[in-house]
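Here are some exercises to work through with the model open beside you. Try each task before reading its solution.

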Amino acid sequence: MFRNNDRNNREVADALFVRCAGHKKEDDMSSRTRHFLNKADDYTPTTSYAVDYFTLNKDILDNVYHSLEKQKCTQTGIEGGLYVGTCGNAYTLYHLSKKKRFAKERDELLRVATDVMRTAVDIARRNKSRDPSDECGFLLGKAGIYALAAAVFHANGEEMMAQDCIKDFICAGSHCAPSSYARFGGDELFVGRAGYICGSLWLNREFKSQVVPEDVIHTMCDKILQSGRNYSRSKNFYCPLVYSYYKTEYIGAAHGLSSILQMLLCCDSYLEKNKLAEVEIKKTVDYLLTLQTAGGNFPCDFGEIGTEATVVRDELVHWCHGAPGVFYLLLKAFYRWHESKYLVAATRAADLMWEKGLLKKGPGICHGVAGNGYPFLLMFKMNKDPKYHYRANEFAKFLYTEDFKKSRVPDAPHSLYEGYAGTMCFLADVMEPETAAFPFFEIN
């Protein structure tokens with residue numbers, strides 16, 4: 001399905017991605033089932049399975065370069081940030097360069113990634129925006145570009161460039177530090193403070209040192225905590241911390257409470273110094289546990305909670321909205337507090353993804369098949385239960401089926417979060433589950 005055996009034959013290559021047959025607009029299927037039937041048998045102790053390393057290895061390399069060609073590194077190309085812009089494709093190259101199975105290609109992968117990020121950084125520096133979220137946004141702004149560029153330059157041995165980009169990243173954070181930042185909701189993951197913490201933690205992990213100062217991260221944590229307290233009190237919510245993004249109190253990972261709490265929980269040094277903050281975070285996580293449905297899912301937002309709820313979209317099983325994104329918070333809570341209730345909830349979420357995770361929205365990690373396959377890899381890393389690697393491998397195999405050819409075409413089919421660039425990260429992680437990590441969402 002993925003393979004492009006002749007890169008000169010672009011019409012054939014594009015057909016592999018576009019697959020017009022069976023393509024439906026979002027609204028055409030809004031009232032129908034959002035996922036394909038999972039026809040695979042679940043794992044039993046007698047199940048044997050194999051990863052097709054040869055096919056995956058070749059298809060990944062073919063498609064990662066094809067996707068990059070489709071997403072040129074121009075002013076328009078970088079506007080989607082890491083989420084759907086060219087820089088997300090550079091992340092995939094960087095991700096692959098760290099894999100043992102791509103050791104022979106490492107230098108070339110890094111060379112291409114470096115070329116892309118050098119151009120992207122130059123464009124970002126030359127084009128100042130009046131919108132502060134453009135500067136400090138991690139997944140949808142320049143901060144993410146600077147963070148990835150720093151890591152890529154560092155891996156390629158260009159330390160001066162790397163340090164300059166770290167300075168750019170730290171400077172970008174000054175835009176979201178003020179309490180007045182983003183009245184529409186400045187705490188979430190894409191353009192808010194949680195995203196900036198996400199980028200900071202990722203940079204420190206990639207450099208294996210504290211390249212983003214502790215006080216910078218702690219300031220963001222302070223602002224997020226105070227913002228959540230204030231909003232919760234103003235609306236008389238039951239839990240200590242609640243956030244709004246464009247007047248909606250989201251729960252999922254994309255713009256909501258779960259990823260904000262997850263980022264706070266990943267700041268160990270902050271929690272050690274702020275015990276009251278950890279108590280508030282835990283109370284909020286425990287409140288979220290009460291919202292898990294009988295099927296293992298979570299509401300999209302607070303408007304779906306209680307007797308006055310107008311609609312409950314329990315069918316949204318996406319990383320962005322639903323259990324696949326909340327899963328990471330649950331697993332992080334288990335690592336932090338070692339209470340079985342969090343692992344039980346995460347396991348229920350994973351079981352839901354096995355049942356309803358083969359999404360018709362496409363291959364991507366935000367709201368696609370690959371995104372719903374990632375939690376299985378995280379479960380396997382934690383407990384080494386082969387059931388979860390088997391499940392992830394089955395999701396990878398599904399991408400080669402006739403059923404999947406009927407899936408929708410994403411708006412950005414070659415991008416990191418919506419399209420094939422992120423899918424390649426997933427397939428590479430299926431081959432090396434011991435180092436699997438949803439892009440920028442490491443929890444341990």
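Helices here are DSSP runs of H or I with at least four residues, numbered from the N terminus. Keep in mind that this is a predicted model.

**Exercise 1. Place Phe440 and work out what surrounds it.**

Step 1: start with the location. Phe440 sits in the segment after helix 19 (420–431).

Step 2: check the backbone. Its phi is near 65 degrees, a positive value in a residue other than glycine.

Step 3: is Phe440 buried or exposed? The cut-off for buried is under 20% relative accessible area. Phe440 has 3% relative accessibility, so it counts as buried.

Step 4: list the partners, skipping neighbours within four places in sequence. Phe440 is in contact with Leu82, Tyr91, Phe138, Leu139, Cys198, Trp202, Leu416 and Tyr417.

Step 5: zoom out. The largest nonpolar core has 156 residues, and Phe440 is among those with the most contacts inside it, along with Met117, Leu148, Trp319, Tyr417 and Phe426.

**Exercise 2. Now try another positive phi, at Lys384.**

Step 1: the phi of Lys384 is near 60 degrees, again a positive value in a residue other than glycine.

Step 2: find the spot. Lys384 lies in the loop between helix 17 (369–383) and helix 18 (386–398).

Step 3: exposed means over 50% relative accessible area. With 52% relative accessibility, Lys384 therefore counts as exposed.

**Exercise 3. Decide how enclosed helix 12 is, and by what.**

Step 1: how many residues of helix 12 (residues 257–265) are buried? Nine of the nine are, so helix 12 is largely enclosed by the rest of the structure.

Step 2: name them. The buried residues of helix 12 are Leu257, Ser258, Ser259, Ile260, Leu261, Gln262, Met263, Leu264 and Leu265.

Step 3: look for the cover. It includes helix 10 (193–207), helix 11 (214–235), helix 13 (268–273), helix 14 and helix 15 (323–337).

**Exercise 4. Classify three helix pairs by their crossing angles.**

Pair A, helix 5 (residues 86–97) with helix 6 (residues 106–126):

- The axes come within 9 Å and cross at roughly 155 degrees.
- Angles over 145 degrees count as roughly antiparallel. That makes helix 5 roughly antiparallel to helix 6.
- The crossing of helix 5 and helix 6 is left-handed.
- Helix 5 brings Thr86, Cys87, Ala90, Leu93, Tyr94, Leu96 and Ser97 to the contact, and helix 6 brings Arg106, Leu109, Leu110, Val112, Ala113, Val116, Met117 and Ala120.
- Sorted by class, the residues of this contact are twelve nonpolar, two polar and one charged.

Pair B, helix 17 with helix 19:

- Here the axes come within 10 Å and cross at roughly 25 degrees.
- Angles under 35 degrees count as roughly parallel. Helix 17 and helix 19 are therefore roughly parallel to each other.
- Helix 17 passes helix 19 in a left-handed crossing.
- Ala370, Gly373, Tyr374 and Leu377 of helix 17 make the contact with Thr423, Cys425, Phe426, Asp429 and Val430 of helix 19.
- That contact has six nonpolar, two polar and one charged residues.

Pair C, helix 14 (residues 275–289) with helix 16 (residues 340–356):

- The two pack at an angle of about 40 degrees, with their axes 11 Å apart.
- Helix 14 and helix 16 are therefore oblique to each other.
- Helix 14 passes helix 16 in a left-handed crossing.
- Lys282, Val285, Asp286 and Leu289 in helix 14 meet Lys341, Tyr342 and Ala345 in helix 16.
- By class, this contact has four nonpolar, no polar and three charged residues.

**Exercise 5. Describe the settings of Arg391, Ala436 and Tyr400.**

Step 1: where is Arg391? Arg391 is in helix 18, and with a relative accessible area of 3% it is buried. Not counting residues up to four places away in sequence, Arg391 touches Asp42, Ala350, Asp351, Trp354 and Phe376.

Step 2: move to Ala436, in the segment after helix 19. At 1% relative accessibility, Ala436 counts as buried. Leaving aside neighbours within four places in sequence, Ala436 is in contact with Lys99, Leu377, Lys381 and Asp429. Ala436 and His389 are 47 residues apart in sequence and 11 Å apart in space, C-alpha to C-alpha.

Step 3: finish with Tyr400, in the loop between helix 18 and helix 19. Tyr400 has a relative accessible area of 26% and is partly exposed. The C-alpha atoms of Tyr400 and Phe376, 24 residues apart along the chain, are separated by 19 Å.

Terms used: Residues numbered from 1 in each chain as written. Predicted model: local features only at pLDDT ≥ 70, side-chain atom pairs only at ≥ 80, totals over all residues. Heavy atoms only, no water. Core = buried A, V, L, I, M, F, W, Y, C linked by side-chain atoms within 4.5 Å. Buried < 20%, exposed > 50% of the residue type's maximum accessible area, 1.4 Å probe, protein only. Contact = heavy atoms within 4.5 Å. Axes fitted to C-alpha atoms, helices over the stretch in contact; angles between N-to-C directions. Parallel < 35°, antiparallel > 145°, perpendicular 65-115°, else oblique. Left-handed = near helix turned anticlockwise from the far one by under 90°. Nonpolar A, V, L, I, M, F, W, Y, C, P; charged D, E, K, R; others polar.
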